[in-house]
Amino acid sequence: MDRERDDATRELPSFALGPVAGLAAVLAAVLTALSGRYGYHRDELYFLAAGDHPAWGYVDQPPLTPFLARAATALFGDSTVALRVPATLAFVAAVLVVALVARELGGDRRTQVVAAGLAGVSGQPLGVGHMVSTATFDLLAWLLICWLVLRLLRTGDGRWWLAIGLCVGVSLLNKYLVALLVVALLAGVLAVGPRRVLRSPWLLAGAAVALAVAAPNLWWRPICGGRRITTGLN
């Protein structure tokens, strides 16, 4: 118990916001400079077409990515560079969250910068940062959820379940795969602890937040989605 209390109250290293933000800005500038050098990916064309017909869901996916594609072209113009602004922003946010994860694990400022830099030049973030896809925003959502869970486990403050629930709900509006992450994290905590966070009433509140945010699409799926599939087959 004393060890858990010490972990909850230990002071984290300061966040290297300036160096990490500067690094992320440079990487974003490179992405933006190169984002117009090749044409639309076929999935981007699909998201553009789906975004022209806003709905709470589509037969093959939730609504968030098509909505972001529509918003990007409405705000910045109809071009590959404009379309990929949300992807670049998600990439920058992912780099920042990686640094926050390193800090949460006890990494000093230098470690945070190194972690952010390695994330920024690795294949997956660069790949999804170059185009609009569900994986683009899924990567950021998974990183955010993992960071929030680390804070929950370190502090034992059940109120973090609310933020976790919000991120899970938004992620469900993008891709259902996040449910596997939630199951894996819950199973891990149940297996090795600290199990006290699972006894918090805030866990149910966080689950309620996630369901409330994802509810429009979860309602659309069996009712509207099923009706559209049946109509198409007929």
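Asparagine 217 is in contact (heavy atoms within 4.5 Å) with Trp56, Gly57, Pro62, Pro63, Leu172, Leu173 and Tyr176, its neighbours within four places in sequence being left aside. This is a predicted model, in which local features need pLDDT of at least 70 and side-chain atom pairs count only at pLDDT 80 or more, while totals for chains, interfaces and linings use all residues. Residues are numbered from 1 along each chain as its sequence is written, and side-chain values use heavy atoms, with hydrogens and water left out. The chain has 12 helices and zero strands.

**Overall architecture**

- Helices (H or I, at least four residues) and strands (E, at least two) are DSSP runs, numbered from the N terminus; read along the sequence, the chain follows the pattern α-α-α-α-α-α-α-α-α-α-α-α.
- The C-alpha trace spans about 65 × 45 × 25 Å along its principal axes.
- The chain has a radius of gyration of 20 Å, which agrees with the value near 17 Å for a compact globule with 234 residues; the radius is taken over C-alpha atoms, and the globule rule is 2.2 Å times the number of residues to the power 0.38.
- Among contacts in the chain with a separation of 6 or more, 75% are between residues 24 or more positions apart.

**Burial and surface**

- Of the 234 residues, 39% count as buried, where buried means under 20% relative accessible area, exposed over 50% and partly exposed in between (1.4 Å probe, protein chains only).
- The chain exposes about 12,300 Å², of which carbon and sulfur atoms supply 69%; accessible areas come from the Shrake-Rupley method with a 1.4 Å probe, and for residues only the protein chains shown count as cover.
- Val26, Val30 and Leu34 make a nonpolar surface patch of about 230 Å². Patches are made of residues with over 30% relative accessible area and no salt bridge, like charges being joined within 9 Å and nonpolar side chains (Val, Leu, Ile, Met, Phe, Trp, Tyr) within 5 Å.
- Within this patch, valine 30 lies in helix H2 (residues 17-34) and counts as partly exposed because its relative accessibility is 44%.

**Nonpolar cores**

- In soluble globular proteins, nonpolar side chains tend to be buried together.
- A nonpolar core is a set of buried Ala, Val, Leu, Ile, Met, Phe, Trp, Tyr and Cys residues joined through side-chain atoms within 4.5 Å. The largest one has 29 residues, of which Val132, Ile145, Trp147, Ile164 and Val168 touch the most other members.
- At least two residues of this core come from each of helix H3 (42-51), helix H6 (85-104), helix H9 (134-155), helix H10 (160-172), helix H11 (178-192) and H12. H9 supplies the largest share, seven residues.
- Valine 168 touches Ile145, Val178, Val182 and Ala210, not counting residues up to four places away in sequence.
- A second, separate core of 11 residues includes Ala16, Val20, Ala24 and Leu27.

**Two buried positions**

- Asparagine 217 lies in helix H12 (residues 202-233) and is buried, with a relative accessible area of 1%.
- Leucine 181 is placed in helix H11 and is buried, with a relative accessible area of 8%.
- Not counting residues up to four places away in sequence, leucine 181 touches Trp142, Ile145 and Cys146.
- The C-alpha atoms of leucine 181 and leucine 75 are separated by 33 Å, the two residues being 106 residues apart along the chain.

**Salt bridges**

- The structure holds five salt bridges, each defined as a side-chain nitrogen of Lys or Arg within 4 Å of a carboxyl oxygen of Asp or Glu.
- Glutamate 44 and arginine 84 form one of them, with the closest N and O atoms 2.8 Å apart. The pair links distant parts of the chain, 40 residues apart: glutamate 44 is in helix H3, and arginine 84 is in the loop between helix H5 (80-83) and H6. Both glutamate 44 and arginine 84 are buried.
- Arginine 151 and glutamate 104 meet through their side chains in a salt bridge (2.9 Å, N to O). This pair also links distant parts of the chain, with arginine 151 in helix H9 and glutamate 104 in helix H6, 47 residues apart.
- Arginine 151 counts as buried at 15% relative accessibility, and glutamate 104 counts as buried at 3%.
- Aspartate 157 forms a salt bridge with arginine 159, the closest N and O atoms lying 2.9 Å apart. Aspartate 157 is partly exposed, with a relative accessible area of 23%, whereas arginine 159 is exposed, at 52%.
- Glu104, Arg151 and Arg154 are joined into one network by salt bridges that share partners.
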